[in-house]
Amino acid sequence: MAFTLRWTGMTTFLATETRVQLHEWLAIGTGSLVQAALLVFVWVLDPTLLPLTVIGAMVYSVFLIGQRVLNEAAYIRIDHKLNELYHASPMSPESYFLGMSMGILIAYTPPLVVLFVILEFLYPMSLAAVGMLILALLAVWAFSSSLGYYISTLFTDMKTIWPYSSLLTNLFGIVPPVFFPLSLLTEHVAWAWVPALLVPTSSATALVEAVAGMPEMGGLTTTQYLVAGGSLALEAALMLLFGIYWARRTAREA
Amino acid sequence: MTEEALRAVDVRKTYHTRGAPAVEALRGVSLSLRKGERISLLGRNGAGKTTFLRIASTLLVPTSGTVEVFGHDVVGHPEQVRPLVAVVPQEGKPFFHLTPREQIYAYLRARGIDRESARARVDEALAQMGIQEVADRLSITLSGGQKQRAMVATIIATEAPLLFLDEPTIGMDPFARRGVWDSLRRLTNKGCTVLLTTHYLDEAEALSQRLYVVEGGRVLVEGTADAIKQQVGGTLKVSIPNGAALREELSTFGQIVSDGGTVYVITGPERINEIMSLAMKDRLAATVGPVTLEEAFLQIVGRSIDQDEG
Ligand SMILES: Nc1ncnc2c1ncn2[C@@H]1O[C@H](COP(=O)(O)OP(=O)(O)OP(=O)(O)O)[C@@H](O)[C@H]1O
Ligand SMILES: [Mg+2]
C-alpha cells in the first residue's frame, strides 16, 4: 500500500472536534487543576523553581491532550458509533485521527496560553527558547495523541479506560522529571538522566529548560542534548506514523 | 458505473472472541441490489443483518466471500467504496455537544460537499425529518426519537449513491417513520440505492421493493412482500375464535396456526366460502383478512427454526 495521505474533510472535522470540546469547557478547566495546584505548592515551598514548574505544567497539559484523544476517540466509537459515519465516507482514516487530535489541541490551547504568560512574567524567554518550547510541545502532542488514539481502539467499554488513563498520566507526567528539575534526580542517581531523557515528556521539559538556560536545571551536556533531542524527535515521529498506520488499520474491524 | 449497486457472493463471517466460542454470524450470504432499488433485510435478533451491513460498508472484514459496490471490491479497495456509501449505524447517536444543524453541516462538509449545497441540503433534511424546531438545540437535549431523526437526517442529506440504514426508524413515532419512508423513496427516485434493516414488517412492506429474510447467517427467502406471503400457502387468513374443535377439519383448507383460543387458517380466496360455512355450522364467528408480512415472516422463520431443531 502506497503511503500517500488523503486530507479530504480534515479541517472540517478538526473544527467539529474543537467545537465539541469547547462545549465541555469545564473539562478544559479541570484539566489544568493538577498543574495549578502544583504551581501553588512550589510557589510556597521554593519560588525559585517556579519557572521550571510552569514549563513542566505546559508539557503535562499537552500530554493530557493525548488522554483527551483517548477518551474522545473511544467515546465517539463506543457510545455514539459516529466513527462509522466518518469511516464509511470519503474522509480518510488519517484525517479522522489527525483532525480529532488537532481539534482537541486547539480547544486546549487557552490554558497553555495562560501558562505561557505566567512563564514570560516569571522568566522572560529568548526567541530560541520559545522556539524550542513550541517544538517540544508539538512533539509531546504528536506522541501522546497517537498513543491515546492507539489505546482507544483496544477498548470495547468506556468504564475500563479510566485506570489505563491514570496509569499513563502518572507514568509520563508525574514519575519522570517533568514538574521537578532533572538535577534533583541525578543528584541521587547519577545515571538517572538516561531513562529521564528517553521519556518524551521529561526530555521535552529538559530541552526547553536547558535552551532557556534556567540555572536550577543544571544544564545539559552535548551528549545529553543529543539523547534528549534525538529521542524526542524520533519517538514523536515514529509514534505519529504508527498512529496514522493504526488509524487506517482500525477504520475497518477485523 | 455498473447498474448493479451492490453484489455480495457467499459472504461469511466468523467472530473470534478471546475466551469465548467462535460465532458464525454469516454462513454464505449472496444478494444483489440494482441501482435505485430499496431493499430490506429482515431477520431475528442475531440473524446477521448488522454484520452484513458493516461488511458491505467497509467497516468490517469478512472471513470470506466477495462484496462489490458499483463494481469496486469492498475488501481490496475500500478507499474507492467509501465515497459511494453512507451509513446509519444501529444504535448510533449524534454528537451531544452539537446541534442537529451543526452536525449535518459538519458531516456534509467533511464529505467534501461545498458550503452552499451543504446548507441547502441541511435545511431539506431537517424538514424531511421534521426536526426544524429542534435544529438549533444541542442534541443532548433532544428526545430519543429526535436524536434518531437527527442521525437519519445526517445520512440522507449526503445523497450518497448507496445508503445503508441499520434500524433507522427505531424509537420513532409513526409520523417520523413515514417521514423516513418518504425521504428514502425520494432518494431512490433520484437514483440512490437503499439497503435497510428493520423489525417493523409493515415498514419493510411499505418501503421496499424486495426483501431478504436472513436466518442463522443465511438468506432464507428473497422476493417481493407478496411473493414471500405466497410462500406460506395463501394470501388470506380466516380467524375463528374458539375454533379449536374444528382444527382437524380446517387443516384440509390450508395451514393452521393457533394463538390463544383462536384458530387461523391461511388459505386462498377460492376456499373462503367453504371455511365460512363450516364455521357457521358450529355457530362460530369467522373473519377474513389479508395475511400480513409479519405472519408470513413468523411462519417462514418459525419453520426454519423447527427444521434446525428437528
Ligand atoms: N463483535 C462481535 N463479536 C462476537 N460476536 C458478535 C459480534 N457482533 C455480533 N456478533 C454475533 O453475530 C451474530 C449476528 O449479529 P448481528 O449483530 O449481525 O445480528 P442482527 O441481525 O443485526 O441482530 P439485531 O436484530 O439484534 O440487530 C449474533 O449471534 C451476535 O451475537
Ligand atoms: Mg443489528
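**A magnesium site, an interface and a buried helix**

The magnesium ion (ligand 2) picks up its protein donors from chain B: OG1 of T50(B) and OE1 of Q90(B), which lie 1.9 to 2.1 Å from the ion. These two residues come from distant parts of the chain, 40 residues apart. T50(B) belongs to helix 1 (residues 49–56) of chain B, whereas Q90(B) sits in the loop that runs between strand 6 (85–88) and helix 3 (100–110). As for how open the two donors are, T50(B) counts as partly exposed because its relative accessibility is 24%, a value that falls between the 20% limit for buried and the 50% limit for exposed. Q90(B) also has a relative accessibility of 24%, so Q90(B) counts as partly exposed. The whole model is a predicted one, and that holds for the site just described.

Stepping back to chain B as a whole, its 310 residues include 52% that count as buried. The chain holds 11 helices and 14 strands. Its C-alpha atoms fill a box of roughly 70 × 45 × 40 Å along the principal axes. The domain assignment of chain B gives domain 1, covering 4–229, and domain 2, covering 233–290. Taken over C-alpha atoms, the centres of domain 1 and domain 2 of chain B are separated by 40 Å. What about contacts along the chain? Counting contacts in chain B with a separation of 6 or more, 69% are between residues 24 or more positions apart.

Chain B also meets chain A. The contact takes 31 residues from chain A and 38 residues from chain B. The size of an interface is often given as the accessible area lost when the parts come together. Here, chain A and chain B bury about 2900 Å² between them, with 61% of it on carbon and sulfur atoms. Polar links are part of the picture too, with 16 residue pairs in polar contact between chain B and chain A. There are also three salt bridges between the two chains. One of them pairs E84(A) with R54(B), whose closest N and O atoms are 3.0 Å apart. On the chain B side that touches chain A, the elements giving two or more residues are helix 2 (78–81), strand 6, helix 3 and helix 5 (144–156). Helix 3 of chain B has the largest share of that side, with six residues. Two of these elements have come up already: the loop carrying the magnesium donor Q90(B) lies between strand 6 and helix 3 of chain B.

Over in chain A, two residues of helix 8 are worth a look. S152(A) is in helix 8 (residues 127–152) of chain A, and G148(A) is found in helix 8 of chain A as well. With a relative accessibility of 1%, S152(A) counts as buried, since buried means under 20%. G148(A) is buried too, because its relative accessible area is 1%. Leaving out residues up to four places away in sequence, S152(A) touches L70(A), A73(A), A74(A) and R77(A). With that limit in place for G148(A), the residues it touches are G66(A) and L70(A). L70(A) thus turns up in both lists, touching S152(A) and G148(A). G148(A) can also be placed against a residue farther along the chain: F242(A) is 94 residues away in sequence and 12 Å away in space, C-alpha to C-alpha.

Notes
Residues are numbered from 1 along each chain as its sequence is written. Chains are lettered from A and ligands numbered from 1 in the order in which they are written. This is a predicted model: local features need pLDDT of at least 70, side-chain atom pairs count only at pLDDT 80 or more; totals for chains, interfaces and linings use all residues. Side-chain values use heavy atoms; hydrogens and water are left out. Donors are N, O and S atoms within 2.8 Å of the metal (3.2 Å for Na, K and Ca); water is not among the atoms, so sites may look incomplete. Helices (H or I, at least four residues) and strands (E, at least two) are DSSP runs, numbered from the N terminus. Buried means under 20% relative accessible area, exposed over 50%, partly exposed in between (1.4 Å probe, protein chains only). Domain bounds come from an automatic or database domain assignment. Contact means heavy atoms within 4.5 Å. Buried area is the accessible area (1.4 Å probe) that two parts lose on being put together, summed over both. A salt bridge is a side-chain nitrogen of Lys or Arg within 4 Å of a carboxyl oxygen of Asp or Glu. A polar contact is a pair of N or O atoms within 3.5 Å; within protein, one must be able to donate a hydrogen and the other to accept it, and residues adjacent in sequence count only if both atoms are side-chain atoms.
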